[in-house]
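Got your viewer ready? Load the model and keep the selection panel handy, since we'll be hopping from spot to spot.

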Amino acid sequence: MCIRDSNKSQRDALLGKTTISAPVPAAAVPGDQELREWLASKGVVELLPVFMEKEYNDVKTMEEMGLEEEDLDYLGIHNKAQRDALLGKTTISAPVPAAAVSGDQELREWLASRGVEELLPIFMEKEYNDVKTMEEMGLEEEDLDYLGIHNKAQRDALLGRTAPPPTRVVSVREWLAAKGLEELTQVFIDHEYTDVNAIEEMGLVEDDLDFLGITNPAHRNILMERTGEDDDDNFLRQ
């Protein structure tokens, strides 16, 4: 049952708006300290002002009844990690003392290790700054949608789909560099002529160079110096 939808008199009493029985002495009221500690235990102490403003300050009731999606909607809490923590789906690491907090540097390094350091402002703005939790749980498509990250390369990197650059691309660059033609690397990559083993074995012929758009006579002579006869059977293009 949603706390907000409880019987009004009961809800008012439970949330400290009024009392049904005799008033409780002020000394017995835990105040906001208990709420602060309860939120801190879930790693969301920063939400204290939100709970206080909406008068969600009866920790005992929230412990017994639990919070539901409707409660969090009413409280205006939309951050997925915070919602999961409050609904008991997961826990966010409790705040670390200021002296031990590395600030956004740890997040910056984590993003940099994935080649997406430029996304730091987005993660900070959306409060996705708990590196330990992200490491343990990983990020999902929904997280990236919430963060507003739509670039495929960035999404793949954050979801762990990105593989190291194919060795074959490096090989064709080195192969061309050895011939003094490294500037043609992108041409070979764009036309998917990146299998150095096949190029070495079959050689390049006139048709290959025409397909690649290489017209410089000197370049053509260098690239075909190992091909021997101009045999159409050696034509690499499918």
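Here is a short walk through the chain, one selection at a time.

**Whole chain**

Keep in mind as you look around that this is a predicted model. Start with a cartoon view: you get 16 helices and zero strands. Next, colour by accessibility; of the 238 residues in the chain, 34% are buried. Switch on the surface and you're looking at about 14400 Å² of exposed area, with carbon and sulfur atoms supplying 49% of it. If you draw the contacts between residues at least 6 apart in sequence, 53% of them join residues at least 24 apart.

**Stop 1: a negative patch**

Select Glu34, Glu37, Glu63 and Glu64, which together form a negative surface patch. Which helices supply at least two residues each to the negative patch? They are helix H2 (31-41) and helix H4 (59-65). Zoom in on glutamate 37, which sits in helix H2. Its relative accessible area is 49%, so it is classed as partly exposed, the cut-off for exposed being over 50%.

**Stop 2: methionine 62**

Stay with helix H4 and pick methionine 62, which has its place there. Buried or exposed, would you say, for methionine 62? Buried: its relative accessible area is just 2%. Now add tryptophan 38 and draw a distance between the two C-alpha atoms. Methionine 62 and tryptophan 38 are 24 residues apart along the chain, and their C-alpha atoms are separated by 9.9 Å.

**Stop 3: helix H5 to helix H6**

Time for charge pairs. Side chains of opposite charge can pair when their charged atoms come close. The count for this model comes to 13 salt bridges. Show the side chains of arginine 83 and glutamate 69, which meet in one of them at 2.4 Å, N to O. Arginine 83 belongs to helix H6 (residues 80-86) and glutamate 69 to helix H5 (residues 69-75), so this pair ties together parts that are 14 residues apart in sequence. Check the accessibility of each partner: arginine 83 counts as buried at 12%, while glutamate 69, at 37%, counts as partly exposed.

**Stop 4: helix H10 to helix H11**

Move along to arginine 155 and glutamate 141, whose side chains meet in a salt bridge at 2.3 Å, N to O. Arginine 155 is in helix H11 (residues 152-158) and glutamate 141 is in helix H10 (residues 141-147), so the pair ties together parts that are 14 residues apart in sequence. With 13% relative accessibility, arginine 155 counts as buried; glutamate 141 comes in at 32% and counts as partly exposed.

**Stop 5: inside helix H11**

Hang on to helix H11 and select aspartate 156 with lysine 152. They form a salt bridge, with the closest N and O atoms 2.8 Å apart. Both residues lie in helix H11, four residues apart, or about one turn of the helix. How do the two partners fare for accessibility? Aspartate 156 is buried, with a relative accessible area of 14%, whereas lysine 152 is exposed at 60%.

**Last stop: the network**

To finish, select Glu141, Asp145, Lys152, Arg155, Asp156 and Arg161 together, and you'll have a network linked by salt bridges. The pairs from the last two stops are in view here: arginine 155 with glutamate 141, and aspartate 156 with lysine 152.

Methods: Residues numbered from 1 in each chain as written. Predicted model: local features only at pLDDT ≥ 70, side-chain atom pairs only at ≥ 80, totals over all residues. Heavy atoms only, no water. Buried < 20%, exposed > 50% of the residue type's maximum accessible area, 1.4 Å probe, protein only. Contact = heavy atoms within 4.5 Å. Areas by Shrake-Rupley, 256 points an atom, 1.4 Å probe, with all protein chains shown as cover. Patch = residues over 30% accessible without salt bridge, like charges linked within 9 Å, V, L, I, M, F, W, Y side chains within 5 Å. Salt bridge = Lys/Arg side-chain N within 4 Å of Asp/Glu carboxyl O. Lys, Arg positive; Asp, Glu negative; His and termini not counted. Charge placed at Lys NZ, Arg CZ, Asp CG, Glu CD.
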